[in-house]
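Dear colleague,

Please find the structure below, handed over for your study. A description of what was found in it follows.

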Amino acid sequence: MTRSITRELRIDASPEVVYEVISTPEHLREWWPDEADVKASPGSIGTVSFGTDNVVPLTVVEADPPRRFSFRWAHPVDEAASAANSLLATFDLIPDGDGTLLRFAETGFDEAGRSDDEFKDHTSGWDYFLPRLTPYAARVAGA
């Protein structure tokens, strides 16, 4: 069995708004990392930071507004992101009435040889952070 994390959220905001919230540093900082330095274009290399000591590199894989944003992350800072050394986070945005259905997946735990502890850490992390996205995006949409 391949280990992956998948979640589905219904958000009261258009796909265009949700795309901005998941792909731009000023919005990312409001629901996920403490700091973010990333440009939403394929191949762009950036970082997300959790606290002062945990700076995590990421590389944008797909930036297809307002449908999909994906990136590889959690790879060694001195190596380019690849399937063998990083995790792939994908946000698919599907119009749903006056809102958006967000389908999230994080894969690559087995390909990158990640431990069960890291898989559990990421599972609990996304279970904490993803629910913060829903009310934030709705506030942005209503602003």
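**Findings**

The lining of the largest pocket is made up of 9 nonpolar residues, 4 polar residues and 1 charged residue. Please note that the model is a predicted one.

The largest pocket holds about 240 Å³ of space. It has 14 lining residues, and those closest to its centre are Phe50, Asn54, Val56, Trp73 and His122. Two elements, strand E4 (54-64) and helix H3 (116-142), each give at least two residues to this lining. The largest share, 5 residues, is supplied by H3.

H3 also packs against another helix, H1. Two packed helices are described by the angle between their axes and the distance between the axes. For H1 and H3, the angle is about 125° and the axes are 10 Å apart. H1 is therefore oblique to H3, and the crossing of the two helices is right-handed.

How much of H1 is buried? Helix H1 covers residues 15-23, and 7 of its 9 residues are buried, so that the helix is mostly covered. The buried residues of H1 are Pro15, Val17, Val18, Tyr19, Val21, Ile22 and Ser23.

Two places in the backbone deserve a careful look. As background, most residues other than glycine have a negative phi, and most peptide bonds are trans. Pro65 and Pro66, however, are joined by a cis peptide bond, with omega at about -5°. Pro66 is found in the loop between E4 and strand E5 (68-73). The second place is Ala74, a residue other than glycine whose phi is positive, near 65°. Ala74 sits in the loop between E5 and strand E6 (87-96).

Is Ala74 buried or exposed? Its relative accessibility is 17%, and because a residue under 20% is classed as buried, Ala74 counts as buried.

Arg114 may be read in the same manner. This residue lies in the loop between strand E7 (99-107) and H3. Arg114 has a relative accessibility of 13%, and therefore counts as buried too. From Arg114 to Leu88 there are 26 residues in sequence, while the C-alpha to C-alpha distance in space is 13 Å.

When you open the model, I would suggest beginning with the largest pocket and the residues closest to its centre, Phe50, Asn54, Val56, Trp73 and His122, and then turning to the packing of H1 and H3.

Yours sincerely

Note on methods. Residues numbered from 1 in each chain as written. Predicted model: local features only at pLDDT ≥ 70, side-chain atom pairs only at ≥ 80, totals over all residues. Heavy atoms only, no water. 1 Å grid on protein atoms, 1.4 Å probe; cavity = no way out; pocket = protein on both sides within 12 Å on 5 of 7 lines; lining within 4 Å. Points joined across faces, edges and corners; volume = space filled by probe spheres on them. Helix = DSSP H or I, 4+ residues; strand = E, 2+ residues; numbered from the N terminus. Nonpolar A, V, L, I, M, F, W, Y, C, P; charged D, E, K, R; others polar. Buried < 20%, exposed > 50% of the residue type's maximum accessible area, 1.4 Å probe, protein only. Axes fitted to C-alpha atoms, helices over the stretch in contact; angles between N-to-C directions. Parallel < 35°, antiparallel > 145°, perpendicular 65-115°, else oblique. Left-handed = near helix turned anticlockwise from the far one by under 90°.
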